[in-house]
Amino acid sequence: MEQIEKFRQDILNSTSEAPHIASLKEETRLTGGLPIIRDMGRTWALKADLSVVLLYTDCWESENKSELGEIVEDNVMRCFVVAYAAIDYPELVSLVLERPANTSDCMCSRKDDLKIFGETCKICNGLGWIPSQWVSK
Ligand SMILES: [Zn+2]
């Protein structure tokens, strides 16, 4: 997928000195992919071959983990990352796969919780569904 590589190069070629850009560049370099979801010491990146890499960015979490991240085998998580990517990069929308069967409605689909998040849900980014393992028990 050429678009993904182009977006990666845009990040890697950024001349910004801002700390959040520096970490984004580092994650782009380490994963060999395009960082899509960056949260709580973890970054999921989408690679040009549409595989997804999970990188642990928190030093306490990184023990025994590959510094280059690990390929995510979970197809649901992969679909979620692709769908998320298309929100930030509309050019990637053609990659979006259908919502996998074993996913859960995001809590924003319950009306009462909508106001917590404002207009766009910060968890599903408006997709309305999340990987089931993200649902707190
Ligand atoms: Zn949501």
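# Getting to know the fold

Right after helix α2 comes glycine 32, and its phi is positive, near 70°. Helices (H or I, at least four residues) and strands (E, at least two) are DSSP runs, numbered from the N terminus. Residue numbers start from 1 along each chain as its sequence is written. This is a predicted model: local features need pLDDT of at least 70, side-chain atom pairs count only at pLDDT 80 or more, and totals for chains, interfaces and linings use all residues.

**Exercise 1.** Find where confidence is lowest and where it is highest in the chain.

*Solution.* Start with the average: the chain has a pLDDT (the predictor's confidence in each residue, from 0 to 100) of 85, and 85% of the residues score at least 70. Next, look at the extremes. Helix α1 (residues 2–12) is highest, at 95, while helix α4 (residues 111–117) is lowest, at a mean of 54. Where pLDDT is low, the predicted coordinates should not be read in detail.

**Exercise 2.** Check the span of helix α2, then work out which residues are buried and which are exposed.

*Solution.* First, the span: α2 covers residues 19–31, and 13 residues at 1.5 Å each (1.5 Å times one less than the number of residues) should give 18 Å. The end C-alpha atoms are 18 Å apart, so that agrees.

Second, burial: Glu27, Thr28 and Thr31 are buried (20 or more other C-beta atoms within 10 Å of the residue's own, C-beta atoms being placed from the backbone). Down the axis of α2, the buried residues fall within an arc of 100° (taken from the directions from the helix axis to the C-beta atoms), so they line one face.

Third, the other side: Pro19, Ala22 and Arg29 are exposed there (12 or fewer such atoms).

**Exercise 3.** Put the strands of the sheet in order and say what packs on it.

*Solution.* Begin with β1 (residues 34–39) and β2 (residues 42–46), which pair (at least two DSSP bridges) in the antiparallel sense over 5 bridges. Leucine 34 has leucine 46 as its bridge partner, and proline 35 stands opposite alanine 45. In this hairpin, 2 residues lie between the strands, and methionine 40 takes a positive phi near 50°.

Now widen the view: 4 strands form an open antiparallel sheet in the order β1-β2-β3-β4. β1 and β4 (70–71) are the edge strands, each pairing on one side only. Finally, helix α3 (residues 75–88) packs on the sheet, touching β1, β2 and β3 (C-beta atoms, placed from the backbone, within 7 Å).

Conventions:
Two residues are in contact if their C-beta atoms, placed from the backbone, lie within 7 Å. Axes are lines fitted to C-alpha atoms, for helices over the stretch in contact, and angles run from 0 to 180 degrees between N-to-C directions.
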